[in-house]
Amino acid sequence: PSSISYLQYRGPAQAIAPTTKMRALLSAASALLLVQQPLVHAAIPTSYIDIHQITSFTKTSNIERGFLFRITASESVFSKVKPPKAPKWATKSALTGGAGNEPDHLKHTNQMNAKGFHPTHRLMLPPSVDEFLCNEAKGSADYNNPVGNAASAVFDQDTLLSGYELNYILVPRGHCTFEAKARSAQRLGAAGVIIRNTLDSRYRLIDDDAASSIYNVNGPDWNNTKWPVDRRDYECGTHQAANHVGWRAEIDTASLDFSPAPYDGSTNNDLLTGPAVDGSLCAKEPNLENFLTHCPSERCLLTGRNASDDGSKLEACCAWDLYVRMGSDGDDGDAVPQEEEEDIVIPALFVTMESGDELYDVVVDAEAQQGGESIRFVTIVPYGRWYPSGHYSSIVIWALALFTLWIASYESANEYRSSWKKISKAVGDGVLVFQTSAATNGSATGARRERAQTEDTVDLAEENVDFELANEVEMANRNVSVSDNEPSDVIPSPDGGSFTISDDADVDDFVGNPSSSDNNGASNHDNSPISTGASSFAPVPTEDEPQAPDAASNPPQQQPQRGHVQSRSNAEQNLELNACHAVFFVACASFFLFVMFFFDLGKVIRVLYGLGGSVAMNQIIFHPLYDKIISSKFVPEGVSARLKTNAFGNLPGCRGEYYKWIDIASAASGYAMGIAWIVVGLTRVQPMTSVYYWLIQDVMGVCFCILILSLININTIMVASILLFLVFFYDIFHVLISPLIFGKSVMIDVATGGNGIDPSFCEKYPSDKACRGALAPLPMLMAIPWFADFRGGFSMLGLGDIILPGLLISFAARYDSAIALVRKCTQASSTSSGENNAADVEIDSVGQVNDESGDGSSSKRYHYHLRRVQKALFSGYFGPLMIAYGVGLMIAYLVVWSTNSGQPALLYLVPTCLGTMLFLGWRRRELSDLWRGPKVMKKANRMVALAGRIPEPRAVTVTGTASLPADSTMV
């Protein structure tokens, strides 16, 4: 994620809230990263090892093969090579086990023989002179040079071979790093290394140069011993561990051996391992029946704390025996500098104490039976656990991103479409009259004024079009009447003044100008009881109802409509970004990203995101949904009217605040789901494993994208180019360059929740306060789980990968809609003036211009819809940019799949989307206009302002005996 910034927007209630006053807290922060990798969790077994025993008889040359058992192992981080992946069926049974006559086994055996998959290796113990493979790390050997140093005791001086070529080495843990052991095994020529966990690896000397024994004349002296760590290595039952693990015993020190210092594993391990029947000193104290329940590892570690006053007894607690994700530990201490160390290209596997001891015993028994008439040794077949090569979740999140972007961009241009509907309906009802220059030249149109040659006239495409309010005569010709019992659909103007659209960008208010050709226009305008600059209109008395004497001087005052807010233009409703905003955004994004990298703010961000998501779900989902439900025919009118009334308007202190019952219900639904999401995120170690958590997070992400793109606009591709250019390099730096500076990717570390908490600790103590929600990634992304994958990963897409390209794509959608609005008004004005054949051009009820003739056959309808689809996809800018976005995101996913690492999605989205926009603008010779700001959008915005000032139809009921406007009731 790039940053967490919060945009507080307070504008027209219709733009963000159904009530008059509401503040929406929006996370305009954007996760600028495409991540596809396993979630942060404790180490899990990723490989299998089939164990076989081979016996070769020297006299008969017969070979007996016997499958013994299968164990699991975890892989290392530093190794470049993993064991080959097994087929899917091998997850349930051993790959090379069983009788060998099963269909899947026979088929795979033939494939192994033909292609060399999953080869067999002999398992051997380390050299006796280097039991832990740590001599190189200590500087006493150099296996790169087998002659002239301690390595000569390992290598054959004639052949210069170690005898470990193409074999695996079973190495105990301890005395040096995992990476040092693996590199030494590689230099010995081994095909791989298996590191087994041991009890004695948990004890170390503080000073290695001290005496080798911890005994003195007074008994054991443990001042130079570094004991195992509580809660990391063992659990005594004093903490709330997972599955109630915890065991404590008191061990007599006389029964143990501490020479050589600090701990003699060959003697003590057997005394601290297994149940009581095996002679375990740990299991004998105090309750035998509870030992296996509270100590599943069946092993104990000495804590270094005295269990008696005289020091004759030591405390022992249950040892943790879990898998370890072996990571790189830097310089391994050998003679080769760290920057010159060769890469490790052999598999390095880790097994637990239980599996390691079992494997060690088998190898020792086999080597003990060498000689005589038979030779016995142990072979292994290591292979990786099966997982799908691709994930359907990647396709699902790709489709979800396209759907979200299409909805958000389409809704950002909704005001142009809704304005055309209002304008076309007003023209059809006679409230507005199109007047063109062609229509004013003939004498037949003398009733209309001539086109005003002023700046107030809007140039629509190729033609100048004015709008004027219909006068009483025209209204009468359209059969519009006001009766006693029938409400009127429109309210005519008393003066017949015309409305024109101002070209002055600074003029926000719509002005109704009287006809310049009317000699009495000025006086009528001055003496009119209704100001044409206002947006409210009073009922006009008819000839049968004379006007009251004081009606002109005392016009009736229209009652304010609660909750009614007039529409504004696009520039007034939305926040328009400029170049300074783009630079400031990227600078703030970098600052907040580094703050989140160095400080753990995940829980605070999760709470704020959940609250903001509650508001977004309320506005985008619940309020429109509830409004649709209560307006349906299934809800009684009384209940529907009650839900739409003010809830607390009459309470003391609530005057002027209008919260309707539907607002309260929708807000309660949004906050209930958001708060529940926050609770799950703050109480679970890895909340992404909860279906509710990631599903609601995706829903909130979609709502955020729609809401942000509807409030924030870019009106020039110059600003879009600056913004996308900056975030392009911003993403590259924080994903690809930052590891060279900080040792790890800043972006990936923040996005995946890298907060320094050890995942293995949270696996042991999931209820610990520090572990609650500690492993969850930041929420500003969409996530779909990997199905049928033991790694438990997710396909993730940052919201910034939708919002930032979405600003450009929403601009394209609004530009196409602005052109359509201007064109439709031009075509409609041409139709009303009689310039086009009405049979060829028809304006439907929603303002669509249908130029379609024929008998309406299915073939023609098919071709008609096909042309519409082709026009939507390939004409204009919105369709091509949506295709470019889908292609760029698909390329990003292909790179993620091929490299198996997270990728900055903007690295692929910026060139495809911005390049497509620039290329189309250059080819259509519109690039200059798009770069500075399209003029057609300015015209369309003034038309939106006009549509916002068209009076809504109001029913007017005139009583039979009423003669004064004050006696009339306006609804």
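Is the disulfide of Cys 762 and Cys 771 left-handed or right-handed, judged by the torsion about its S-S bond? In this predicted model, that torsion is about -85°, so the disulfide of Cys 762 and Cys 771 is left-handed. The sulfur atoms of Cys 762 and Cys 771 lie 2.3 Å apart, and since a disulfide is taken here as a pair of cysteine sulfur atoms within 2.5 Å, the pair is counted as one. Both ends of this link are shielded: Cys 762 counts as buried because its relative accessibility is 2%, under the limit of 20%, and Cys 771 counts as buried with a relative accessibility of 0%.

The protein as a whole has 971 residues, of which 48% are buried, and its secondary structure comes to 25 helices and 31 strands. Among the contacts with a separation of 6 or more, 73% are accounted for by residues 24 or more positions apart. A search of the whole structure yields five disulfides, and when the bonded cysteines are counted along the chain, the pairing follows the pattern 1-2, 3-7, 4-6, 5-8, 9-10. Two further cysteines, Cys 703 and Cys 705, take part in no disulfide. For Cys 703, the nearest cysteine sulfur is that of Cys 705, at a distance of 9.3 Å, which is not within the 2.5 Å required of a disulfide. Cys 703 is nevertheless buried, at 2% relative accessibility, and Cys 705 is buried as well, with a relative accessible area of 0%.

Two other disulfides were examined in detail. In one of them, Cys 236 and Cys 317 are joined with their sulfur atoms 1.8 Å apart, and with 95° about the S-S bond this link is right-handed. The pair connects distant parts of the chain, 81 residues apart, for Cys 236 lies in the loop between strand S13 (234–235) and strand S14 (248–252), whereas Cys 317 belongs to strand S16 (residues 313–319). Cys 236 is buried, with a relative accessible area of 11%, and Cys 317 is buried with a value of 0%. In the other, Cys 282 and Cys 300 are joined with their sulfur atoms 1.7 Å apart, and the torsion about the S-S bond is about -55°, so this disulfide is left-handed. Here too the pair links distant parts of the chain, 18 residues apart: Cys 282 is in the loop between helix H4 (265–271) and helix H5 (291–294), and Cys 300 is in strand S15 (residues 300–306). Cys 282 and Cys 300 are both buried.

A contact between parts of the chain that are far apart in sequence is also seen at Val 381, a residue of strand S18 (residues 374–384). Val 381 counts as buried because its relative accessibility is 2%, which is under 20%. Although Val 381 and Thr 120 are 261 residues apart in sequence, their C-alpha atoms are 4.9 Å apart in space. Leaving aside neighbours within four places in sequence, the residues in contact with Val 381 are Tyr 48, Ile 49, Asp 50, His 52, Thr 96, His 118, Pro 119 and Thr 120.

The packing of helices was then considered. Two packed helices are described by the angle between their axes and the distance between the axes. Helix H7 (residues 392–412) and helix H22 (residues 878–899) pack at an angle of about 155°, with their axes 11 Å apart. Because angles over 145 degrees count as roughly antiparallel, H7 is roughly antiparallel to H22, and the crossing of the two is right-handed. Residues of H7 in this contact include Trp 398, Leu 402 and Trp 406, while those of H22 include Phe 878, Met 882 and Tyr 893. The residues of the contact divide into 12 nonpolar, three polar and no charged.

Helix H22 also packs with helix H23 (residues 906–923), their axes coming within 8 Å and crossing at roughly 155°. That angle makes H22 roughly antiparallel to H23, and H22 passes H23 in a right-handed crossing. Among the residues that make this contact are Leu 881, Ala 884 and Val 895 of H22 and Tyr 908, Cys 913 and Leu 920 of H23. The residues of the contact of H22 with H23 divide into 13 nonpolar, three polar and no charged.

Notes. Residues are numbered from 1 along each chain as its sequence is written. This is a predicted model: local features need pLDDT of at least 70, side-chain atom pairs count only at pLDDT 80 or more; totals for chains, interfaces and linings use all residues. Side-chain values use heavy atoms; hydrogens and water are left out. Helices (H or I, at least four residues) and strands (E, at least two) are DSSP runs, numbered from the N terminus. Buried means under 20% relative accessible area, exposed over 50%, partly exposed in between (1.4 Å probe, protein chains only). Axes are lines fitted to C-alpha atoms, for helices over the stretch in contact, and angles run from 0 to 180 degrees between N-to-C directions. Angles under 35 degrees count as roughly parallel, over 145 as roughly antiparallel, 65 to 115 as roughly perpendicular and the rest as oblique. A crossing is left-handed if the near helix is turned anticlockwise from the far one by less than a right angle, and right-handed if clockwise. Contact means heavy atoms within 4.5 Å. Ala, Val, Leu, Ile, Met, Phe, Trp, Tyr, Cys and Pro count as nonpolar, Asp, Glu, Lys and Arg as charged, and the others, Gly among them, as polar.
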